[in-house]
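Hello,

Here is the structure I said I would pass on. Please open it first, then read the notes under it.

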Amino acid sequence: MSGTSPEILVSQTWAQPFDSPRSYPESADIVIIGGGIIGVSTAWFLAKRGINVALCEKGHIAGEQSGRNWGWIRQQGRDTREMPMIVESLRIWRGLEEEIGADVGFAETGCLYAARTDKQLDKYADWVKTAAEYGLDTRVISADELRQHVRSRSSIWCGALYTASDGRAEPHRAVPAIARAASREGATVLTSCAVRGLESAAGRISAVVTEHGVIKTSVVLCAAGAWTSMFCRSVGIAVPQLKVRGTVTRTAPAANVVDGCLFDDKISIRRRQDGGYTAVNSMQLEHGITPSTFRYGAKFLRAFMLDPTGMRLSIGREFVEEWNTPSTWDLDAETVFERTRVLDPEPNPKTIKSIRRNLEIVFPQLAGIEFVESWAGMIEATPDAIPVIDEAENYEGFYIATGFSGHGFGIGPGAAIAITGMLTGYGAGIELSECRLGRFFDGTPIRPQTSA
Ligand SMILES: Cc1cc2nc3c(=O)[nH]c(=O)nc-3n(C[C@H](O)[C@H](O)[C@H](O)COP(=O)(O)OP(=O)(O)OC[C@H]3O[C@@H](n4cnc5c(N)ncnc54)[C@H](O)[C@@H]3O)c2cc1C
């Protein structure tokens, strides 16, 4: 990563080192592609059940989305299709530190969606009914009560949606810690180990081909985040997925203005364990148009029309890069996965300026606060912003878990329980039919996430 403005002071703090074993297994019951929160949590649950699992990560654990996110663990505002998984996830997060014996920065510090207009507050209030169905403590609070949670000198808000039982954690700590726990339980976690492709026999998976050799297996989980669509396309499976860049900043420790997570149309912040803030401009997401935009764009139209101003479109380097990437490749030569060990987009300097401006308007007491780090992450989204968790049709043994669409960190452990149930055939009591891949192709109307 290179700095392009005085505010872009970067370091590689988003993922802590993980010691990968030097030998590579010849076989495994299950191979997982991807060392983000989905891959490592699934490896952990599988290993705890005594299953011989190997996880292959092309770069380092949590190098991509799972180490770059805002760190919100939010039930509030979720689509009902995700509710059972997120409720289960919170249960796991609450006991996680004790169970794995590591500090992951988890705290149940609440989540606030602050509203600037009554109309917005009414929209948020609709979600209280969903919360009640799942026994959550979500409620609408007044501007006065909001002032008890948020020390802002500004009076721009008329109230908020508030869930006290929502949490936060430190992504760069949590994901490597879960990977280490998986390792202790017997999982083989391999970093700098790109999976180039698959081998099959009679329509069923027989092995994965990695840059370090072949691992024989009959079950593969592709949890490759922003690379899933490309990987799956190379084995003949269409996964509609587009990438969106989000820019994030981290401040130095400062006065406490909020304990947990605060979302507002212009500025969203989370208090970090170190006393600083992860701060973002909530509405500035960018999609660089690529050939995939033309391939899958029509399926994303409904989601785009819900909020056409929320996404900046551009065309440039990403288009050329994807255009120049072949859709299939030889498995005995270097692939795109080794050439891009870590997807590390540049943060947008204009977005960083807007974060500072908006932060200082809402929190004048933070004026001049130091931004110690800025980075960007590539969010991967499905047309309805609901994940795909499914076995591929016509390819026995090949499973996909992807498309967490900008909110997969919090739900990660809960999703992993459901995925473990799917892979082992034991189930997990979490209904996954809404997450099937076929919904994008079988004429089912695409229902973009209905969240507050
Ligand atoms: C800026 C930003 C803010 C976000 N904020 C939040 C938030 O506050 N709360 C929340 O819940 N979610 C948030 N998210 C979303 C969340 O981070 C993701 O949904 C989640 O991390 C996805 O996890 P994953 O394991 O599916 O993918 P990833 O974390 O992207 O991991 C996939 C891994 O697969 C590896 N890989 C890919 N191809 C191969 C291959 N061929 N061989 C080997 N390895 C491969 C990649 O290197 C990568 O490490 C945010 C995301 C971003 C980018």
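Helix α8

There is a kink of about 75° in α8, and its centre is Gly297. Please keep in mind that this is a predicted model.

How far apart are the end C-alpha atoms of α8? They are 23 Å apart. The helix has 16 residues, running from 291 to 306, and at 1.5 Å a residue these should span 22 Å, so the two values agree.

Which residues of α8 are buried? They are Pro291, Ser292, Thr293, Tyr296, Gly297 and Phe300. Gly297 is therefore both the centre of the kink and one of the buried residues. The elements that cover the buried residues of α8 include two helices, α7 (228-234) and α9 (317-324). Also among them are the strands β13 (242-251), β17 (285-289) and β19.

Two positive phi values

Most residues other than glycine have a negative phi. Two residues here, neither of them glycine, have a positive value.

Ser192 has a phi near 50°. Ser192 sits in the loop that joins β8 (188-190) and β9 (195-201). Its relative accessibility is 37%, so Ser192 counts as partly exposed.

Ala385 has a phi near 60°. Ala385 lies in the loop between β19 (371-381) and β20 (388-391). Is Ala385 buried or exposed? Ala385 is buried, because its relative accessible area is 19% and the cut-off for buried is under 20%. The strand before this loop, β19, is also one of the elements covering the buried residues of α8.

Regards

Conventions: Residues numbered from 1 in each chain as written. Predicted model: local features only at pLDDT ≥ 70, side-chain atom pairs only at ≥ 80, totals over all residues. Heavy atoms only, no water. Helix = DSSP H or I, 4+ residues; strand = E, 2+ residues; numbered from the N terminus. Buried < 20%, exposed > 50% of the residue type's maximum accessible area, 1.4 Å probe, protein only. Expected span 1.5 Å × (residues − 1). Bend = angle between axes of the 7 residues up to and from the residue. Contact = heavy atoms within 4.5 Å.
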